[in-house]
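Let's take a walk through this structure together, one neighbourhood at a time. Keep the 3D view open and turn it as you read.

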Amino acid sequence: THAKVLITLEDAAVETPDGTLLFRTGKRHICQGDRIVLLGRNGVGKSRFVTLIRNAITEPEAVKNVKVTPSTVLGYSDQSLSGMSGDDTPLAMVTRRFEIGEQRARSLLAGAGVAIDMQQRPIGLLSGGQKARLVMLALRLANPNFFLLDEPTNHLDIDGQEALEAELLDRQERCLIVSQERNFVRNVVNRVWLIERNRLVELIAPVGYSAQSGAARVFRGVVN
């Protein structure tokens, strides 16, 4: 997309399924080049906010006060790595979703850490790290221009986390990430949003860059 602003939040309300208000966003923009981390204590509404953004992209008419550029293509992954059938196989999933041929699919799977002997076994037998790598491969092949990732490092080993960092940085991906993995956040993000006191606020500087900054103190309080 060539649009400067991908998503505009017009003081949107983030609510529980029964309609209880968790927080309001205020006026916020997600723009080209933004790699945003969303911080907040458990229960404040981080995953509900991710769901709001996802719904605004996939069903724009159904979400109020969130405007999405029509050219936005979503790459989404949640904490539970849903969207994969445990009975399916990695090879079948990739070749069915994408027109790349079996040989290319096998090569890409191997590069993502799914060995040849595992490619035709049920996805349910993969380790958590292998499943996470498979999800990220599927996201990359879908060629999104905006990543929405809820705790993407939960199931990743160090190599997998470094690969994800490189992917987001090398391609200058635009993304909104929920993560409490300190090193991952420091290495990737350039904007920091924090949910506190029923509001979404932006911290002035990326977390961790200054040990004396308020942002760093808030970050330590959130993730520790």
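Phenylalanine 23 and phenylalanine 49 are both buried, meaning that each has under 20% relative accessible area (over 50% would be exposed and in between partly exposed, with a 1.4 Å probe and protein chains only). Please bear in mind that this is a predicted model, in which local features need pLDDT of at least 70 and side-chain atom pairs count only at pLDDT 80 or more, while totals for chains, interfaces and linings use all residues. Residues are numbered from 1 along each chain as its sequence is written, and side-chain values use heavy atoms, with hydrogens and water left out.

How many aromatic pairs does a search of the whole structure find? There are two, where rings of Phe, Tyr and Trp (its six-membered ring) pair if their centres lie within 6.5 Å. In the pair of Phe23 and Phe49, the ring centres are 5.9 Å apart and the planes meet at 50 degrees, so this pair is tilted; planes under 30 degrees apart would count as stacked and over 60 as edge-to-face, with the rest tilted. Phenylalanine 23 sits in strand β3 (residues 21-24) and phenylalanine 49 in helix α1 (residues 46-58), so the pair ties together parts that are 26 residues apart in sequence. Ring pairs also bring in Trp193, giving a cluster of Phe23, Phe49 and Trp193.

Now step back to the whole chain. It has seven helices and 11 strands, taken as DSSP runs numbered from the N terminus (H or I with at least four residues for helices, E with at least two for strands). Of its 224 residues, 48% count as buried.

Next, look for the open sheet of three strands, ordered β4-β1-β6 with antiparallel pairing; two strands pair if DSSP finds at least two bridges between them. Its edge strands are β4 (27-31) and β6 (66-68), each pairing on one side only. Strand β1 (residues 5-10) is joined to β4 by five bridges, and leucine 9 stands opposite arginine 28 in β4.

Strand β8 (residues 146-150) has another setting. Five of its five residues are buried, so β8 is largely enclosed by the rest of the structure. Phe146, Leu148 and Asp150 point one way from the strand, and Phe147 and Leu149 the other way. Strand β7 (residues 74-77) runs parallel to β8, with four bridges joining them; here leucine 74 has phenylalanine 146 as its bridge partner. β8 also pairs with strand β9 (residues 175-178) in the parallel sense over four bridges, and aspartate 150 is matched with valine 178.

For helix packing, turn to α2 (residues 90-97) and α4 (residues 128-141), whose axes are 11 Å apart and at an angle of about 10 degrees. Axes are lines fitted to C-alpha atoms, for helices over the stretch in contact, and angles run from 0 to 180 degrees between N-to-C directions. α2 and α4 are therefore roughly parallel to each other, the label for angles under 35 degrees (over 145 is roughly antiparallel, 65 to 115 roughly perpendicular and the rest oblique). Pro90, Met93, Val94 and Arg97 of α2 meet Leu134, Leu137, Ala138 and Leu141 of α4 in this contact, with contact meaning heavy atoms within 4.5 Å.

Our last stop is asparagine 187, in helix α6 (residues 182-188). Asparagine 187 is partly exposed, with a relative accessible area of 42%. Not counting residues up to four places away in sequence, asparagine 187 touches Glu165 and Leu169.
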